[in-house]
2 protein chains.
Amino acid sequence: MDDSRSTARARWGGLTREAVIEAATTLVDRSGDGELSIRALAATLDVSPMALYRHVADKHDLMAAVVDQLWAERWEPGLPRTEWRAWIIDAADRQRRFLVEKPAALRVYLEQPVVSAAAMERMGACIEVLRAALGDDDRAHRAYAAVHTYTVGFAAFEAARSSAHEPVDDAERELAAFVSPAQFETGLGYLLDGISSAGQ
Amino acid sequence: MDDSRSTARARWGGLTREAVIEAATTLVDRSGDGELSIRALAATLDVSPMALYRHVADKHDLMAAVVDQLWAERWEPGLPRTEWRAWIIDAADRQRRFLVEKPAALRVYLEQPVVSAAAMERMGACIEVLRAALGDDDRAHRAYAAVHTYTVGFAAFEAARSSAHEPVDDAERELAAFVSPAQFETGLGYLLDGISSAGQ
DNA sequence: CTCCAGTTGCGTACGTGTATACGTCGCAAG
DNA sequence: CTTGCGACGTATACACGTACGCAACTGGAG
């Protein structure tokens, strides 16, 4: 009658934002689709659901922190920065795969701007590669914005498709062809072609 | 004791899919952000919430029909098809504005592929313009997919930004600059440059 | 007419995020 | 020691989408 915490208080001060985020991260990382319910998380922490809200603004705030951590693990450029085109394609494709694998992360990116320090740092790395290649800092910013927009948009379509039923009529088959990795690279190629030719 | 339908059945067969969709469309069109709750819709129809589910698979199915109707009203190319670049920019910008104005529509596009007959017809019109300009039918398809992906992705970021608080630090200000209409056209311009130069 | 089968609407219930109000603990000031 | 106070956890409750099973109605067959 004491280890089943049905009606008993958790240790006072035994909960921190870091602990909440870490528990949430492991839960999300484990589950295939990366979904998470506040109540389930509270259960694993042996705590009332509302207790979490002392350390987290809302679910989106929590998921943003979780996604920041997960993406930091998978990020890692690892290509020579001089080959800027290949570098950007690699980074974009890595992000696309991450977002498709964890649709909850996709929702974080779609629902509110991601402005964590780590995210800004990663953005800065991309922009620096682009600036070195394009010369102009403004152009680098605009190019990054376009690539990021395209990448997240594509991931959204891909995730939507993979959660939908198999295509049955011609229309669905036609749309289904739009979300292959090859199509991702084709569109990204268009974008990069346009970017590199913009200043002659 | 008879016009307040608290515990009384609605007329038998007095509900059709068309009526549900129409009522939902007016509700969505009226509300600023275009949100809709099943329970509120049921209330305006003077019917139990669960009654709707005889005529509609789920909320997403309903919203897809509503959005199809709303977008059909605002769609209308109206530029000469010979100027393909201006035509595509106009169509994309029109769609962007629609999706930002009605975030519920955005969610429809992001959560599941839109394959209604009207949507396929509009896509067909775009592809035909591209095919006439580019010659190749495959290239036209790929180009349309890229433009559509970019457009919806951008609308998602724009909608997210406008629902967020004002930017306070440099990071947020930097990201906020990414979602101006000018930036939309810049990125779209990159994309179209790349598309038109792809076959020399 | 009666009966049956199918269609349509509804009551109840579950799981979700979370607003609000309340109890409870630890600590510092008097 | 006592008193107050801020930080923390919890209970309750609401609105949401919707699964499930049942009730009421209609149209056709016998």
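Biologist: Before we get to the DNA, when does a residue count as near a strand?

Modeller: When its C-beta atom, placed from the backbone, lies within 6 Å of the strand. Keep in mind that this is a predicted model.

Biologist: OK, so how many residues are around DNA strand C, and which come nearest?

Modeller: There are 23 around DNA strand C, and the nearest are A:Ile38, A:Lys59, B:Leu15, B:Ser48 and B:Ala51.

Biologist: Which helix gives the largest share of that surface near DNA strand C?

Modeller: That would be α2 of chain A, residues 38-44, with three residues.

Biologist: And what's the surface near DNA strand C like by class?

Modeller: You get 11 nonpolar, six polar and six charged residues there.

Biologist: Now the other strand. Which residues are closest to DNA strand D?

Modeller: A:Leu15, A:Ser48, B:Ile38, B:Asp58 and B:Lys59, out of 22 that surround DNA strand D. Helix α2 of chain B, residues 38-44, gives the most to that surface, with three residues. By class, the surface near DNA strand D splits into 11 nonpolar, five polar and six charged.

Biologist: Switching to the protein chains: how is chain B placed relative to chain A?

Modeller: Rotate chain B by 180° with 0.0 Å of shift along the axis and it superposes on chain A, at an RMSD of 0.1 Å. The two copies are therefore related as by a two-fold rotation axis.

Biologist: How many residues are in contact between chain B and chain A?

Modeller: 35 residues of chain B are in contact with 35 of chain A. On the chain B side, the elements giving two or more residues are α5 (103-111), α7 (137-162), α8 (170-176) and α9 (181-197).

Biologist: Which of those gives the most?

Modeller: α7(B), with 12 residues. By class, the side of chain B that touches chain A has 21 nonpolar, nine polar and five charged residues.

Biologist: Why do you say the copies meet through the same surface?

Modeller: Because 100% of the interface residues of chain B are also interface residues in chain A.

Biologist: What about α5 of chain A, is it mostly covered or exposed?

Modeller: Mostly covered: seven of the nine residues in α5(A), 103-111, are buried. The buried ones are A:Pro103, A:Ala105, A:Leu106, A:Arg107, A:Val108, A:Tyr109 and A:Leu110.

Biologist: What do the buried residues of α5(A) pack against?

Modeller: Within chain A, against α3 (59-74), α4 (84-101) and α7 (137-162). From chain B, α5 and α7 are packed against them too.

Conventions:
Residues are numbered from 1 along each chain as its sequence is written. Chains are lettered from A and ligands numbered from 1 in the order in which they are written. This is a predicted model: local features need pLDDT of at least 70, side-chain atom pairs count only at pLDDT 80 or more; totals for chains, interfaces and linings use all residues. Two residues are in contact if their C-beta atoms, placed from the backbone, lie within 7 Å. Helices (H or I, at least four residues) and strands (E, at least two) are DSSP runs, numbered from the N terminus. Ala, Val, Leu, Ile, Met, Phe, Trp, Tyr, Cys and Pro count as nonpolar, Asp, Glu, Lys and Arg as charged, and the others, Gly among them, as polar. Copies are superposed by least squares on the C-alpha atoms of residues with pLDDT of at least 70 in both. A residue is buried if 20 or more other C-beta atoms lie within 10 Å of its own, exposed if 12 or fewer, and partly exposed in between; C-beta atoms are placed from the backbone.
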